[in-house]
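Biologist: Could you take me slowly through one part of this model, as if I had never looked at a helix packing before? I would like to know who touches whom.

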Amino acid sequence: MRVTFTVNGREESAEDVWEGESLLYVLRERLGLPGSKNACEQGECGSCTVYLDGVPVCSCLVAAGQAEGRRVRTVEGLADGGRLDPVQEAFVECGAVQCGFCTPGLIVQAHDLIERVERPSDAEIREALAGNLCRCTGYEKILDAVRLAAARKAAQ
């Protein structure tokens, strides 16, 4: 089947998509958007988190056909041309990026939180990121990055 949807503001199509193919696979392998990571393929780690019609989802759990006619925004789509999104910048500045495998999902989830809650508490940050697993950072630098991004957004 052919699947057509909007990805990061551009209409895209994928040909010969089979019934069980995930949105994650289409994004990475067919559309050349490797930001979302393929880790668990079970929706447990959050590494593949993208926005689907403005709602964060694990793209490994979304059948590609479910994206037909919808809007997808990936971690690549958060940046504005060559300028990183403030959440992306904060992750770099705070050293919240180590191996980088979990980072795209964490950034999308943190971005969503900051869009919804101007100054999230530590408990709100932890709750929002609960579905994203990281084996490298110990999470403290991730929390620092979300706090920094939220503070900068609130100051604008």
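To begin: is the crossing in which α2 passes α3 left-handed or right-handed?

Modeller: Happy to! Please keep in mind that this is a predicted model. The crossing you ask about, α2 passing α3, is right-handed. On the α2 side of that contact are V87, Q88 and F91, and they meet T103, L106, I107, A110, H111 and I114 in α3. Sorted by class, these residues comprise six nonpolar, three polar and no charged ones.

Next, the geometry. The axes of α2 and α3 lie 9 Å apart, and the two helices pack at an angle of about 125°. Helices count as roughly perpendicular from 65 to 115 degrees and as roughly antiparallel over 145, and α2 and α3 are therefore oblique to each other.

Let us zoom in on one residue of this contact, V87, which sits in helix α2. V87 counts as buried because its relative accessible area is 4%, and buried means under 20%. What does V87 touch, if we leave aside its neighbours within four places in sequence? The partners are I107, A110, H111, I114 and A149. I107, A110, H111 and I114 are on the α3 side of the contact we have just met, whereas A149 belongs to the α5 side of a contact with α2. For a sense of distance, you can also follow V87 to L106: they are 19 residues apart along the chain, and their C-alpha atoms are separated by 9.7 Å.

A149 brings us to the next helix pair. Helix α2 covers residues 86–93, and the axes of α2 and α5 come within 8 Å and cross at roughly 135°. That angle makes α2 oblique to α5. This crossing, too, is right-handed. From α2, the contact takes P86, V87, A90, F91 and E93, while α5 brings I142, A145, V146, L148, A149 and R152. Its residues divide into nine nonpolar, no polar and two charged.

Now we can close the loop by looking at α3 against α5. Helix α3 runs over residues 103–116 and helix α5 over residues 140–155; their axes come within 10 Å and cross at roughly 40°. The crossing of α3 and α5 is right-handed. On the α3 side you will find L106, A110, L113, I114 and E115, and on the α5 side I142, V146, A149, A150 and K153. Here the classes are eight nonpolar, no polar and two charged.

With the three contacts laid out, some names come back. I142, V146 and A149 of α5 take part in the contact with α3 and also in the contact with α2. In α3, L106, A110 and I114 meet α5, and they meet α2 as well. From α2, V87 and F91 are in the contact with α5 and in the contact with α3.

From L113, we can step over to helix α4, residues 122–128, where E124 has its place. Apart from neighbours within four places in sequence, E124 is in contact with L113, V117 and R119. E124 and L113 are eleven residues apart along the chain, with 8.4 Å between their C-alpha atoms. E124 is partly exposed because its relative accessible area is 36%, and that class lies between the 20% and 50% limits.

After α4 comes a loop that leads to α5, and Y139 is found there. Y139 has a positive phi of about 75° although it is not a glycine. At 29% relative accessibility, Y139 counts as partly exposed.

Finally, a word on cysteines. The count of disulfides comes to zero. C94 is in no disulfide, and its nearest cysteine sulfur, that of C134, is 14 Å away. C102 is in no disulfide either: the sulfur of C134 is the nearest cysteine sulfur to it, at 3.5 Å. Why does that pair not count? A disulfide needs the two sulfur atoms within 2.5 Å, so 3.5 Å does not qualify. C102 itself is buried, with a relative accessible area of 8%.

Notes
Residues are numbered from 1 along each chain as its sequence is written. This is a predicted model: local features need pLDDT of at least 70, side-chain atom pairs count only at pLDDT 80 or more; totals for chains, interfaces and linings use all residues. Side-chain values use heavy atoms; hydrogens and water are left out. Axes are lines fitted to C-alpha atoms, for helices over the stretch in contact, and angles run from 0 to 180 degrees between N-to-C directions. Helices (H or I, at least four residues) and strands (E, at least two) are DSSP runs, numbered from the N terminus. A crossing is left-handed if the near helix is turned anticlockwise from the far one by less than a right angle, and right-handed if clockwise. Contact means heavy atoms within 4.5 Å. Ala, Val, Leu, Ile, Met, Phe, Trp, Tyr, Cys and Pro count as nonpolar, Asp, Glu, Lys and Arg as charged, and the others, Gly among them, as polar. Angles under 35 degrees count as roughly parallel, over 145 as roughly antiparallel, 65 to 115 as roughly perpendicular and the rest as oblique. Buried means under 20% relative accessible area, exposed over 50%, partly exposed in between (1.4 Å probe, protein chains only).
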